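Q: Please choose one part of this structure and look at it closely with me. I am new to this, and I would like each term explained along the way.

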Amino acid sequence: MQSHLALLLPVATVWWVAGYLADGLPRMTHARGLRRHTGWLLGLTGAGLALTVALPIAGLSTPGATLADRAASGLTLAAVPAAVVAICTVRRVRRLLAGASTLATAPRTPAPHGLRAAAAHPLIGLPLQVTGLALLPALIAASGAGQFLGPDAAGPAVTVGALGVAAIGVRHALRHNRLAELAMPERTAASAQPARALHV
């Protein structure tokens, strides 16, 4: 095991836990629980971004090739999804937290479908989970397991990773669309009225 794995593992763990929390937000049926989990997610997202930025800065501040430099080079693949998290996800999570806070006046206040649809938006869960996935190659290389896979494993690994990202994105989009449809009672009632008139 190479020692810079100890620097990469906490970063990856924070992103994985954040992705897990984001995946569970749409299942929150009460506003107070949604507010609590959204607060945790906002804190973990901030910690993940801070750690992702701190490693390259630590590498630049020390002369020569250090463990921080080696760990920071493993973050290259995760830089793009982490930037999407910083630009899009954080803003949406803050809005979600504000919306849940206004409704969490009583312990059993239900979370409306519109709020749960906002929690299921692909720009919340997808960038977090993709960032966690993008750290896997660096962790495999840092642990020394990459030498057992061989150079021919790079192509299939990229294919599997791309298919995994696509599957996660489709799952988030379908769940968001389903909750968004449930959040439109006006359209449902309007479409039910002509059908009722036909039966009369």
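A: Let us begin with the whole and then zoom in. The protein chain exposes about 11100 Å² of surface, and carbon and sulfur atoms supply 70% of that area. Accessible areas here come from the Shrake-Rupley method with a 1.4 Å probe, and for residues only the protein chains shown count as cover. The model is a predicted one, in which local features need pLDDT of at least 70 and side-chain atom pairs count only at pLDDT 80 or more, while totals for chains, interfaces and linings use all residues. Residues are numbered from 1 along each chain as its sequence is written, and side-chain values use heavy atoms, with hydrogens and water left out.

The protein chain has ten helices and zero strands. These elements are DSSP runs numbered from the N terminus: H or I over at least four residues for a helix, E over at least two for a strand. Of the 200 residues in the protein chain, 36% are buried. Buried means under 20% relative accessible area, exposed means over 50%, and partly exposed lies in between (1.4 Å probe, protein chains only). A contact is a pair of residues with heavy atoms within 4.5 Å. Among contacts between residues at least 6 apart in sequence, 83% join residues at least 24 apart.

Our close-up is helix α1. Helix α1 covers residues 5-24, 20 residues in total, and reaches 28 Å from its first C-alpha to its last, close to the 28 Å expected at 1.5 Å a residue. That expected span is 1.5 Å times one less than the number of residues in the helix. Many names appear on the list of buried residues of α1, among them L5, L8, V11, W15, L21 and D23.

Now for the inward-facing story. A nonpolar core is a set of buried Ala, Val, Leu, Ile, Met, Phe, Trp, Tyr and Cys residues joined through side-chain atoms within 4.5 Å. The largest one here has 33 residues, and L8 and W15 are among those with the most contacts inside it, as are L34, L41 and L96. Two or more residues come from each of α1, α2, α4 (79-103), α5 (113-119), α6 (122-134) and α7. Helix α1 gives the largest share of this core, eight residues. As a general rule, nonpolar side chains in soluble globular proteins tend to be buried together. For a look at one core member, L96 touches residues including L25, L34, T38 and L115, not counting residues up to four places away in sequence.

Helix α1 also takes part in a patch on the surface. L9, W16, L133, L136 and I140 form a nonpolar patch with about 390 Å² of accessible area together. A patch is built from residues with over 30% relative accessible area and no salt bridge; like charges are joined within 9 Å, and nonpolar side chains (Val, Leu, Ile, Met, Phe, Trp, Tyr) within 5 Å. The elements giving two or more residues to this patch are α1 and α7 (136-143). L136 belongs to helix α7 and counts as partly exposed because its relative accessibility is 34%.

Finally, follow the charges to D23. A salt bridge is a side-chain nitrogen of Lys or Arg within 4 Å of a carboxyl oxygen of Asp or Glu. The structure holds three of them, and D23, R27, R171 and R175 are linked in a network. D23 counts as buried because its relative accessible area is 13%. One bridge joins D23 to R27, with the closest N and O atoms 3.7 Å apart; R27 is partly exposed at 47%. Another joins D23 to R171 at 2.5 Å, N to O. This pair links distant parts of the chain, since D23 is in helix α1 and R171 in helix α9, 148 residues apart. R171 is partly exposed, with a relative accessible area of 40%. D23 also bridges to R175 at 3.4 Å, N to O. D23 lies in helix α1 and R175 in helix α9, so this pair ties together parts that are 152 residues apart in sequence. R175 itself is buried, at 10%.
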